[in-house]
Amino acid sequence: MLEEFDSFKTEMFQVMDPAGNITKPEHFPKLKDKDIVGAYKKMLFARTADLMVVSYQRQGRIYTYPPNQGQEAISGAVAQIIRKDDWLVPAFRELGAWLAKGASLKEIFMYFMGFEEGSLFKNARNMLPMNVPIASQLQHATGIGYAINYKEKDEIVYTFVGDGGTSQGDFHEALNFAAVWKVPVIFIVQNNQFAISVPFKTQTASDGIAIKALAYGMPGIQVDGNDFLAMTKTFEEASEHAGSGKGPVLIEAVTYRMGAHTTSDDPSKYRTKEEEDEWAAKDPLVRLKKYLMTQKLWTDKEEETITGQYKKEIDRIFIEAEKHTDYPLEDVFKYQYADLPDDLLLQKAEHEKFLNWKASRK
Amino acid sequence: MKIMNMVNAINQAIDLKLEEDPDIVVFGEDVGVEGGVFRVTENLQKKHGARRVFDTPLAESAIVGSAVGMAVAGLKPVIEMQFSGFVYPAMNQIISHVARIRNRSRGRYGAPMVIRMPYGGGINALEHHSESMEALFAHTPGLKVVIPSTPGDAKGLLISAIESEDPIIFMEPKRLYRAIKQEVSEDKYSIPIGQAKVLSHGSDLTVVAYGALIREVQRAMVKAKDMGISVELIDLRTIYPIDKTTVIESIKKTGRLVVVTEGPGSFGVGAELITIANEEAFLHLEAPPKRVSGFDTIVPLPKGEHHYIISPDKILFEIEKTVKY
C-alpha cells in the first residue's frame, strides 16, 4: 500500500468517502466491527472532552488550551495501533493519542491548569511530555529510535508535528537523521491547513508534505486525515514497515482544525465561514458515524446516552483536577537537577526568609 | 602514569568509560572514522565499533536533539560540537530540552549527556572558531558547565561528567590541547564537578581563572613574584555550579580579587564572581574586585587577535593596580 500510494504521485489515500461509503474495500484495515465501534467511542470521548475544555476555559477555570476538534481520526487511528511499549512523542494537538497511551484526563487538565505534574503521565509507559517549541520533538523521536535499534528492542516511535512545523529546520534534520540511521519512527504530520493564521500555501510551495519523504529516502504517504479507516490502514502498514527494520515513514494526514489554534486565537480573522462549512461536511466523527449507522452498528440514541455519560465523567474529572491547588516552593527547585547545586538550596532558603518576614508583618 | 597531553587524556577518559558502560555512545561530525578534527576521539571507533562511535550528518541541532531522545531511552550520549562557535543551531535543543526535560517531566525523564566542545582563541583560526561563550551555558538553568585547564583535570572531570545524571557542557580549551604535557594516571579516576582548586597559595591577592588562561596567569605570577606580590591562584574548573566556598575563603584571606576570563566581560563569569565577593566578603575587601576579560566585541581574525587575547602582561598590569590600590 505504501508503494501503491507513492508520495511522488501525490494521490491522497482514502478508504471511506465523506458520506461514509467504503470506496476502497481492498484497503479496509484489520478491524472487527466492535473495534470500530470502540474507536468511535474513544473519538467521541476525546471530542466531548475537547469541547468541554474550551468551555471551561471560557469560564476562566483553565488556561490556554489547543483544541483538537476535526482532527480526532488521526489520534483515533494511532490509538488502535500503538502498543504499550511503543513510544509517543507528542506535539500538543493529539489528545486521543495521549489518552490511548495512558495519560489521564486529570493530568492533562492539570497541565493546562498550570501544574508541571500534569506532564508526568504516571500510567503512560514511554510517552514524553507535550512539546511546545515547534518540531524540536521530532529529533527526540529520532534519538529514541536510535536507542531502540541499539538495544534491539521491539518498539516503534510515533511522533506528531503540524504543517507549520515542517518549515522548521528541525523537521528536515530529524527526518534526514532518521532515514540515515534507519530508525523505527513514524512521523505524523497533521496538515490541518493553518499554522495559527498562516495558510498552507504560505507555508510551503511543495505539492504537499508526503512528497518530501522521497528526498529523505523513506516512504511517504498523503492520507485523508478525516478518514479513520484510511488512517488506521496507514498505521498498520507504517508500523509493519518501521517495525521490520526498514526505517522511518512519513505520513501526511490531511485534515482541518475546526476550532481555534488555541483558546487565545480568533480564526475569523484569517479564514472564511464557507471554508469552515466545507470542512465541517468532512468531519471525521460524522463520517465514521455514518458508516457505523449504515452497518447498523450505532444509533443516535446510543450516542445521546453515551455522550451524556461522558459529559458527567469529564466534569467529575475536571472538578477533581480543580481540587489540586497546592504548588509548594520546593517543587520549583527539586526537579531542576538530579544532583541539586547548593546554590539553588541557598536561593530557596533566602526566599523562605523573605516569606517569613512577610508573614511576620501581617 | 604516562605523559599525556589534553587530547590523549580526554581520549582515554572516553575510552575507559566506553569499555565500562555499554550504554555510552559517542557521536558528532567527523568523530568516527577521522577521530575528530582535533583527533580527540581517534581510534575509538576502531576499538568500540561504528554502532557506538559514529559520524552523523552535519547538523548540530539534530546531534543534540537526537541525543535527548537517546538519553530519555536509556543511552548515555557523549557528543561533540566540532567547535563551540557551531553550537548555536543546537541552542534550542540545549536550552529548551537538554536543560529542561527533567523539570518538565517532574523527574521522570532526564537528559544525562556530555556535550563536548573545543572553545577559545589563540590558534590563528578562521572566523567563528575562537569564541569563549561559557556564560551562555552557565546562565541556563539545568546545565552544568565544566572547563579543565590540564590533561589530568580534563580526564578526571570528563569521567565525572560522563557519570553525572545531569547534562554537562564540557568546554575544552583548544589552545591547550597539545600545549601542556604532564604525567597522568592511566587508571580510571574522577574529579568532582563543582570544586575549584587552589593552584598556588598566596597572601596579597586572589586570582580566579580557568581554562587556557590559567597558564597566562601563571606566567604573570612569575613576574609578580619578582615584584614581591604573593598571588593565590584558583582554577575554577567548574563554571556552574560555581565553587563559592573556595573563592570566598581565599578573598577573606587576601582581601583582593582579580578575575581573568577570556570571553566578553559584561554579564559574564567575572561579573558573577565579583558579585559573590560583594555579597559574601564585602568587609574583607581592601580594593575593588577587578575583571580582566575579553572586550565586548567579536574576537578579531588572527592579525588582530593579539589585541583581544589576554596576555600575561595585561594580567600583571591589573594585579599591580589592585595590590597598590
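Me: How far does helix α10 of chain B reach from its first C-alpha to its last?
Reply: This is a predicted model. Helix α10(B) covers residues 269–281, 13 residues in total. At 1.5 Å a residue, 18 Å is expected. The computed reach is close to that: 17 Å.

Me: Within what arc do the buried residues of α10(B) fall, seen down its axis?
Reply: The buried set is Val269(B), Gly270(B), Leu273(B), Ile276(B), Ala277(B) and Ala281(B). They line one face of the helix, because their arc is confined to 120°.

Me: Which exposed residues does the face turned away from the buried side of α10(B) carry?
Reply: The buried side is covered by elements of chain B including α6, β10, β12, α9, β13 and β14. The face turned away from that side carries two exposed residues, Thr275(B) and Glu279(B).

Me: Is Val207(B) buried or exposed?
Reply: Val207(B) sits in strand β10 of chain B. A residue needs 20 or more C-beta neighbours within 10 Å to count as buried. Val207(B) has 32 inside 10 Å, so the verdict is buried.

Me: What distance separates the C-alpha atoms of Val207(B) and Leu273(B)?
Reply: Strand β10, home of Val207(B), is among the elements covering the buried residues of α10(B). Leu273(B) is one of those buried residues. The two lie 66 residues apart along the chain, yet their C-alpha separation is 11 Å.

Me: Which helix gives the largest share of the largest nonpolar core?
Reply: That core has 202 residues, and Val26(B) and Val217(B) are among those with the most contacts inside it. The largest share is 10 residues, from chain A's helix α1.

Key
Residues numbered from 1 in each chain as written. Chains lettered and ligands numbered in written order. Predicted model: local features only at pLDDT ≥ 70, side-chain atom pairs only at ≥ 80, totals over all residues. Helix = DSSP H or I, 4+ residues; strand = E, 2+ residues; numbered from the N terminus. Expected span 1.5 Å × (residues − 1). Buried ≥ 20, exposed ≤ 12 C-beta atoms within 10 Å, placed from the backbone. Arc of directions from axis to C-beta. Contact = placed C-beta atoms within 7 Å. Core = buried A, V, L, I, M, F, W, Y, C linked by C-beta atoms within 7 Å.
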